[in-house]
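Hi,

Here is the structure I promised to pass on. Have a look at it first, and then read on for what I found.

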Amino acid sequence: MSTERKNSPVMLSVSDLTVAYGAITAVQNLNLEVRQGEIVTLIGSNGAGKSTTLRTISGLLRPKSGSITFEGEVISGKPGHEIVKAGICQSPEGRRIFPRMSVDENLELGAFLQKDQQLIKETREHVLDLFPRLRERIDQKAGTMSGGEQQMLAVGRAMMGQPKLLILDEPSMGLAPVLVDVIFETIEKIRESGTTILLVEQNALAALRIADYAYVLESGHLKLEGEAKKLADDPAIAAAYLGGH
Amino acid sequence: MAETTKAAAPAHTENSNKKWAIGFLTVVLAIYAINKFYIPTAPAQVKTFFNAWFSLTSMGEIMIYILMALGLNIVVGYAGLLDLGYVAFWALGGYVAGWLMSGQFDQWQINFFGNPPAGLPNGIHLNFLLVLVLGGVFTAIWGVIIGAPTLRLKSDYLALVTLGFGEIIPQIMVNGEDIGGFNLTNGTKGINPVDNIKLFGHEFGPFQLADKFLIYASLAGLMIFFSLRLRDGRLGRAWLAIREDELAASMMGVPLMRTKLASYAVGATAGGVGGVAFATLIGGVYAERFNFQVSIIILSMVVLGGMGNVWGVLVGATLLAWVNNTGLVQFGNIINSATGKNIDFPSFNFLIFGVLLILMMLYRREGFLPEARVRLIMHEEEFSDVAVVTDDIEVEGVHHHEHN
């Protein structure tokens, strides 16, 4: 597969990563990198090891071997808050917003490690411009919102940490098609505003449409990588790995 | 519109905080004034009535329970960590008072602005305020010691470990009269007398109950203040985030261990200060008072009152403490004398608390006075994705009135 890519500096690099839950190996010898300004997508079916990879990047799991480097610094093995501090924020799978807090309080917590009040205010405005629906619901308890709105909040909350790298774990999960489009359009806008994105998706075709580069995982192994457009256009690949039509 | 409600919300809670604070202050001062100025000259019947229903000892005890319930509320209500062994901190605080304000260690003779009984200078006699601080610090350290290895556990296991801790500490106290020949706790006989409080040249003996009540009320008041301040601060938000969703909190950059340990330490401090206060209230430290039931009573105060809400916990602590130390006995006496039976009502206290807890869990899980955020979510309608999608269609020209 061709590996022509943007010629920008590597931001996140995962090398030879192996992660195991006890005796069960979930991810084996994974290599991937995210370059500045890219949307990189990590796709694969259920149980392929996508979430395990993300959890290891965000410090919730420790790798068995291999390492993760972010902007030249090894971050594997560091606790979660250190990784957020380094500039990686995540919108987790299943949204996991704080249900009994208002939308505003959720956003406020997203900026937990931010000190500059002026900058927090500006980021908040930016997020509310990206998701006007959140502005309408600003005082509502997040748990009473619809799934789509909660997903917007989860992405917006991660944005509040002013990440250099934004990780989105299954943002389309359980959403009506109209809303999936809304979310994906917004992801492109976020990239345009200068944030690098690592997008993990089961909805491979949708992800490939907006991504620059893609990695395909299958049962813990890297099966395939390449330019997203090429992967999407190749019918053989689509049939074999993406459940394409 | 959103902006106005946003501005109104904090002002509203601030207002209600102010009202509650004034209410608390008024009640405390009223109790003090009645007992200080009215009761001594009141007719005998009035005296008996107040003594039976609102004795100053029971009022002081209520204040100490408020202090401790608010401490546990930090752990359970704010941070969402179940602690079934809170009595351990109470016991540790009590023994700090026993060790540092009595003749327990009569092999030494230390007096630092303390108040040894006349003619009995042996033992360690430190100033009450200093002992309060030391008791708080000592239990905070124990909170961290217990928390550091256990807080990595998931909630159910954490509850079990705290339960064990709550059993172990009192057992050590019961059996601590001969630790390699050293009498640490005086065993089941307990440590007594604990020195009278002496502040700024004033001695508060067993009969200055009104003044002592004011001291304990001040401690409770301080705890109310700290609880409110902590909740609105950065640490309070981190606790709430952990309570709501630990994993998500970690993804926001909340340092999990440090934040949880802080809740344990603050909760333990309140327990320790409560222990010191209680030792001076009853003038002694007795191992058998520190049993599992105390942990459960304090937890019930938090749950019944409304986890997380300072004023709810205050009401819960007041009610349960009063029913436990006065109400049951008095109502029991009335019922006994009316029916001519001889039922031991106080022995039913756990039956009553148990039934009460079950009823609360069935019909009012959020407590008497729930935290605003809990109350709100129980009364707000849920929006479905259908409504959201129709909203999107609305943009494209089709009109719907699903919600507005």
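For a helix, the expected span is 1.5 Å times one less than its number of residues. Please keep in mind that this is a predicted model.

With that yardstick, take helix 10 of chain B, residues 256-282: its 27 residues reach 39 Å from the first C-alpha to the last, close to the 39 Å expected. Most of helix 10 of chain B is covered, with 22 of its 27 residues buried. Right after this helix comes Gly283(B), which has a positive phi, near 70°.

Chain B also has an open sheet of 3 strands, ordered 1-3-2 and with mixed pairing. Strand 1 (101-102) and strand 2 (109-112) of chain B each have a single partner strand and stand at the edges, so one side of each lacks a neighbour in the sheet. Strand 2 runs parallel to strand 3 (residues 123-126) of chain B, and 4 bridges join the two. Within strand 3 of chain B, His125(B) is the bridge partner of Asn111(B).

Now to chain A, which is divided into domain 1 (8-87 + 163-245) and domain 2 (94-162). Their C-alpha centres lie 23 Å apart. Where the two touch, domain 1 of chain A gives 14 residues and domain 2 of chain A gives 11. On the domain 1 side, helix 2 (80-86), strand 7 (165-169) and helix 7 (177-192) of chain A each give two or more residues. Helix 7 of chain A gives the most, with 5 residues. By class, that side of domain 1 of chain A has 10 nonpolar, 2 polar and 2 charged residues.

Enjoy looking around!

Best wishes

How values were computed. Residues numbered from 1 in each chain as written. Chains lettered and ligands numbered in written order. Predicted model: local features only at pLDDT ≥ 70, side-chain atom pairs only at ≥ 80, totals over all residues. Domains from an automatic or database assignment. Contact = placed C-beta atoms within 7 Å. Nonpolar A, V, L, I, M, F, W, Y, C, P; charged D, E, K, R; others polar. Buried ≥ 20, exposed ≤ 12 C-beta atoms within 10 Å, placed from the backbone. Pairing = 2+ DSSP bridges.
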